[in-house]
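I opened this notebook to record a few look-ups on one structure. The entries keep to helix packing, charge pairing and side-chain exposure.

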Amino acid sequence: MASSGLGGIAEWATGLMETLGAPGAGIAVALENLFPPLPSEVILPLAGFTVSKGELVLWQVLLWTTVGSVIGALVLYGLGALLGRDRMHALVAKVPLVKSEDVRKTEAWFADHGRKTVFFGRMIPIFRSLISIPAGVERMPLVTFVVFTAMGSFIWNTLLVMGGYLLGEQWSLVETYVGVITYVVIGLVVLAVGAFVWKRLSERRKAPQG
């Protein structure tokens, strides 16, 4: 597997796959879950390109990358469970403009929609990793968490691996397309946070001064 011309993360992932094969791709994805700056939109298409060259087996890549996704998610789930609701509330209480009422509403929403959140969150850039923490805080049933994480991860991994497989030498185009989605998600989050802060500041201005 030639790694010339590949930079940084791609070259690192290439080295793992050269050394360990499909399990190397799984390790890279597990680390990507723990450290979001490691982009799956580079690792997975690169693995697909490697499959197209006959150097890896497709089903093995999909299996190991899904296993890696679940392992990384379980570590963050454990972090959320260790943090717990009380510690989370204590940390939130120190954050300006955030009310305990908002946290309770979020907990209720997650309790009602936790499964869907974990499933679809695995296919949304940025939130793929972070969604595991509130799942742990809320002690989402572990089997349910693993099943929905595995299902969502398998779909995401398959899309990106097959993109790299079909594009061949142009596998890096997948990163460009996913990057557009990422910017859209970031834009929506920024708008939501801006609206939240504006609402809180407005409430403070309207509140009677004691």
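The entries below are ordered by topic.

**Entry 1: model status.** I note at the outset that this is a predicted model.

**Entry 2: H3 against H8.** I began with helix H3, which spans residues 40-52, and helix H8, which spans residues 142-167. I asked at what angle their axes cross. The crossing is at roughly 55 degrees, and the two axes come within 6 Å. Angles from 65 to 115 degrees would count as roughly perpendicular and those under 35 as roughly parallel; H3 and H8 are therefore oblique to each other. I recorded the handedness of the crossing as right-handed.

**Entry 3: residues at the crossing.** I then listed which residues of the two helices meet. On the H3 side I found Ser40, Glu41, Leu44, Pro45, Gly48, Phe49, Val51 and Ser52, and on the H8 side Trp156, Asn157, Leu160, Val161, Gly164 and Tyr165. Sorted by class, this contact has 8 nonpolar, 5 polar and 1 charged residues.

**Entry 4: Thr50.** I next looked up Thr50, which also belongs to H3. I asked whether Thr50 is buried or exposed. Its relative accessibility is 1%, so I entered Thr50 as buried. I also checked its separation from Val161: the two residues are 111 apart along the chain, and their C-alpha atoms are separated by 9.5 Å.

**Entry 5: Thr66.** I moved to helix H4, residues 58-92, where Thr66 is found. Thr66 has 11% relative accessibility and therefore counts as buried. I asked which residues Thr66 is in contact with, leaving aside neighbours within four places in sequence. The contacts are Ala150, Phe154 and Asn157. Asn157 had already appeared in my list for H8 against H3.

**Entry 6: Leu159.** I returned to H8 for Leu159. Its relative accessibility is 57%, so Leu159 counts as exposed. From C-alpha to C-alpha, Leu159 lies 9.8 Å from Met123, with the two positions 36 residues apart in sequence numbering.

**Entry 7: charge pairing.** Side chains of opposite charge can pair when their charged atoms come close. I asked how many salt bridges the count gives. The count comes to 1 salt bridge. The pair is Glu55 with Lys53, whose side chains meet at 3.7 Å, N to O. I then looked up the exposure of both partners. Glu55, at 36% relative accessibility, counts as partly exposed, and Lys53, at 35%, counts as partly exposed too.

Notes:
Residues numbered from 1 in each chain as written. Predicted model: local features only at pLDDT ≥ 70, side-chain atom pairs only at ≥ 80, totals over all residues. Heavy atoms only, no water. Axes fitted to C-alpha atoms, helices over the stretch in contact; angles between N-to-C directions. Helix = DSSP H or I, 4+ residues; strand = E, 2+ residues; numbered from the N terminus. Parallel < 35°, antiparallel > 145°, perpendicular 65-115°, else oblique. Left-handed = near helix turned anticlockwise from the far one by under 90°. Contact = heavy atoms within 4.5 Å. Nonpolar A, V, L, I, M, F, W, Y, C, P; charged D, E, K, R; others polar. Salt bridge = Lys/Arg side-chain N within 4 Å of Asp/Glu carboxyl O. Buried < 20%, exposed > 50% of the residue type's maximum accessible area, 1.4 Å probe, protein only.
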